[in-house]
Amino acid sequence: MEMSFGEKIRELREDMNLNQTELGKALGVTQRKISYIECGKYEPSIQDIAAFCNFFKVCSDYLIGIPQGYTYPKR
């Protein structure tokens with residue numbers, strides 16, 4: 001089963017040996033917001049997703065669960 005957005009954020013944060021407070025400070029948000037995102041209680045905004053992508057150097061497709069190599073249908 002694929003990890004949720006919050007699970008991916010937690011894994012990336014832990015891989016960098018950061019706690020929620022440290023990540024929150026780096027992104028300019030509270031520890032509570034990081035906690036809520038990680039446990040799925042808060043739906044991240046586009047701005048939140050962009051901030052996570054920039055900080056962790058990952059693409060948004062990875063965070064939101066779009067499979068690698070996915071091609072969008074032509075209209």
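A salt bridge is taken here as a side-chain nitrogen of Lys or Arg within 4 Å of a carboxyl oxygen of Asp or Glu. The structure is a predicted model, in which local features need pLDDT of at least 70 and side-chain atom pairs count only at pLDDT 80 or more, whereas totals for chains, interfaces and linings use all residues. Residues are numbered from 1 along each chain as its sequence is written, and side-chain values use heavy atoms, with hydrogens and water left out.

Side chains of opposite charge can pair when their charged atoms come close. By the salt-bridge rule, five such pairs are counted. One of them joins Glu 14 to Arg 13, with 4.0 Å between the closest N and O atoms. Arg 13 has a relative accessibility of 8% and is therefore classed as buried (under 20% relative accessible area, with exposed meaning over 50% and partly exposed in between, for a 1.4 Å probe and protein chains only), whereas Glu 14, at 46%, counts as partly exposed. Both residues belong to a network of salt bridges that also links Arg 10 and Glu 38.

A further salt bridge is formed between the side chains of Lys 33 and Asp 48, at an N to O distance of 2.9 Å. Lys 33 lies in helix α3 (residues 31–38) and Asp 48 in helix α4 (residues 46–56), so that this pair ties together parts 15 residues apart in sequence; helices are DSSP runs (H or I, at least four residues) numbered from the N terminus. Lys 33 is partly exposed at 21% relative accessibility, while Asp 48 is buried at 11%.

Glu 2 and Lys 8 also meet through their side chains in a salt bridge, at 3.0 Å from N to O, and Lys 8, with 3% relative accessibility, counts as buried.

Methods
Helices (H or I, at least four residues) and strands (E, at least two) are DSSP runs, numbered from the N terminus.
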